[in-house]
Amino acid sequence: MSEESDLEKTEPATARRLEKAREEGQVVRSRELGTFAMLMTGVIGLWATGGVLGRKLDAVMHAGLAFEPATAFDTNRMLSQFAAIVWDALLAFLPLLLMFGVAALVTPLALGGWMFSTKSFSPDFSRMSPISGLGRLFSAHSLVELAKAIAKSLLVGGVGAWMIWRKLPEAIALMDAPIQEALLHMMELVLYVSGVVAGSLILVAALDVPWQLYTFHKKLRMTKEEIKQEMKETDGDPHIKARIRQQQRAIARRRMMAEVPKADVVVTNPTHYAVALRYEEGRMGAPRVVAKGADEVAARIRELAAEHRVPMLSAPPLARALHRHVELGHEIPAGLYTAVAEVLAWVYQLKNWHYSYGPQPNGPADLVVPDELAVPESRA
């Protein structure tokens, strides 16, 4: 079952999965890159500070081997002198230790960055299982690590042997040189050989870093079902979200329908579209669309308008333009001011007609809709 599950994990890890892995202490790390960085730091540090370090350690050694009868019989002076010698030795090594500290802090930034997680300290008793241990021992990862260790040993041993063979005549020649000169030249030879050997490890690091990146991301791969489940946990169940959106639309529709009785006029297509307009002089800069809809919604708007005696005007071009270009609750565009003004003038004439005698005013005809706002009937 585990093999089938691994085969199904074909999708790259999501950002949330990577973040969760980091919280659990799982980041990309290359031991070979760290080893190369520390060894090269040591070689460069000794090369740069070797002279000063040698002189300070020589002074520390002279101070430690100096014999004073008064110090030998005074315990307090003996301890204070010992503390001073230790302090001088630490100060001598301080530049080298600082270089090692900087290398140890900077190297992780090349891959996974700095990370501190307390979950790494929690006990994991599953790792104590002999069966799991045998599985890890004969896994592909262990075989790769074994091959890498053998290759590293052969590389370091081969480069080291080659450098010693090349520098052997120089080392033998130092036997006839003065002791101070021989020691100085021997230290230079040792640092040179060590630098070349440590530098050869860059080949191992260059192969190990891509491998660690590959294995890390392969380990965090996900199945399609896991990605779907994560999306549900992050964004919510699509069915529930659809249900929520449906309820939100229903609430918005009820709120919109509640505005129809307050409208001044409903412009229709006459059957496919209905747009309710309202204008309050002094409070609105222009008439506003308070309700709009198509088909069943349009029919419901017309029903409510008829129940509450809201005037309705059949003006297909204007209705299509209002429905297409004006959002719910927004004011009409300037291009429709003239046409809507004619409609509102007719509405005011209707209101006056209800309280007086005379012929009923006819609705405006041939309302002009600008070409840039006109909507053909086939696209409505």
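In the predicted model, Arg-166 is located in helix H7, which spans residues 140-173. With a relative accessibility of 44%, Arg-166 is classed as partly exposed, because the partly exposed range lies between under 20% for buried and over 50% for exposed. Arg-166 is separated from Val-193 by 27 residues in sequence, and the C-alpha atoms of the two residues are 9.8 Å apart in space.

The protein as a whole contains 13 helices and four strands. Of its 380 residues, 29% count as buried. When contacts between residues at least 6 apart in sequence are considered, 74% of them join residues at least 24 apart.

One such pairing of sequence segments involves helix H3 (residues 31-65) and helix H8 (residues 179-219), whose axes are 8 Å apart and which pack at an angle of about 160°. The two helices, H3 and H8, are therefore roughly antiparallel to each other, since angles over 145 degrees are assigned to that class. The crossing of H3 past H8 is left-handed. The residues that form the contact of H3 with H8 comprise 15 nonpolar, four polar and four charged residues.

Within helix H3 lies Met-40. Although Met-40 and Gly-195 are 155 residues apart in sequence, their C-alpha atoms are 6.7 Å apart in space. When residues up to four places away in sequence are not counted, Met-40 touches Gly-195, Ala-198 and Gly-199.

A further part of the model is organised around nonpolar cores. The largest nonpolar core has 25 residues, of which Leu-277, Leu-318, Leu-322, Ile-332 and Leu-336 touch the most other members. At least two residues of this core are supplied by each of strand S1 (265-268), strand S2 (273-278), helix H12 (316-325) and helix H13 (337-354). Helix H13 provides the largest share of the core, with seven residues. Another core lies apart from this one and has 15 residues, including Val-260, Ala-263, Ala-274 and Val-310. In soluble globular proteins, nonpolar side chains tend to be buried together.

The surroundings of Leu-277 illustrate the contacts made in this region. Leaving out residues up to four places away in sequence, Leu-277 touches Ala-263, Asp-264, Val-265, Val-267, Arg-288, Val-289, Leu-322, Ile-332 and Val-340. Leu-322, one of these partners, also belongs to the buried residues of helix H12, which are Leu-318, Ala-319, Arg-320, Ala-321 and Leu-322. The elements that cover the buried residues of H12 include S1, S2 and H13.

Two residues are notable for their backbone geometry. Most residues other than glycine have a negative phi. Asp-295, which is not a glycine, nevertheless has a positive phi of about 55°. Asp-295 is placed in the loop between strand S3 (288-294) and helix H11 (296-307), and Asp-295 counts as partly exposed at 48% relative accessibility. Arg-309, likewise a residue other than glycine, has a positive phi near 55°. Arg-309 is found in the loop between H11 and strand S4 (312-314). With a relative accessible area of 78%, Arg-309 is exposed, because this class begins over 50%.

Definitions and conventions
Residues are numbered from 1 along each chain as its sequence is written. This is a predicted model: local features need pLDDT of at least 70, side-chain atom pairs count only at pLDDT 80 or more; totals for chains, interfaces and linings use all residues. Side-chain values use heavy atoms; hydrogens and water are left out. Axes are lines fitted to C-alpha atoms, for helices over the stretch in contact, and angles run from 0 to 180 degrees between N-to-C directions. Angles under 35 degrees count as roughly parallel, over 145 as roughly antiparallel, 65 to 115 as roughly perpendicular and the rest as oblique. A crossing is left-handed if the near helix is turned anticlockwise from the far one by less than a right angle, and right-handed if clockwise. Ala, Val, Leu, Ile, Met, Phe, Trp, Tyr, Cys and Pro count as nonpolar, Asp, Glu, Lys and Arg as charged, and the others, Gly among them, as polar. Buried means under 20% relative accessible area, exposed over 50%, partly exposed in between (1.4 Å probe, protein chains only). A nonpolar core is a set of buried Ala, Val, Leu, Ile, Met, Phe, Trp, Tyr and Cys residues joined through side-chain atoms within 4.5 Å. Contact means heavy atoms within 4.5 Å.
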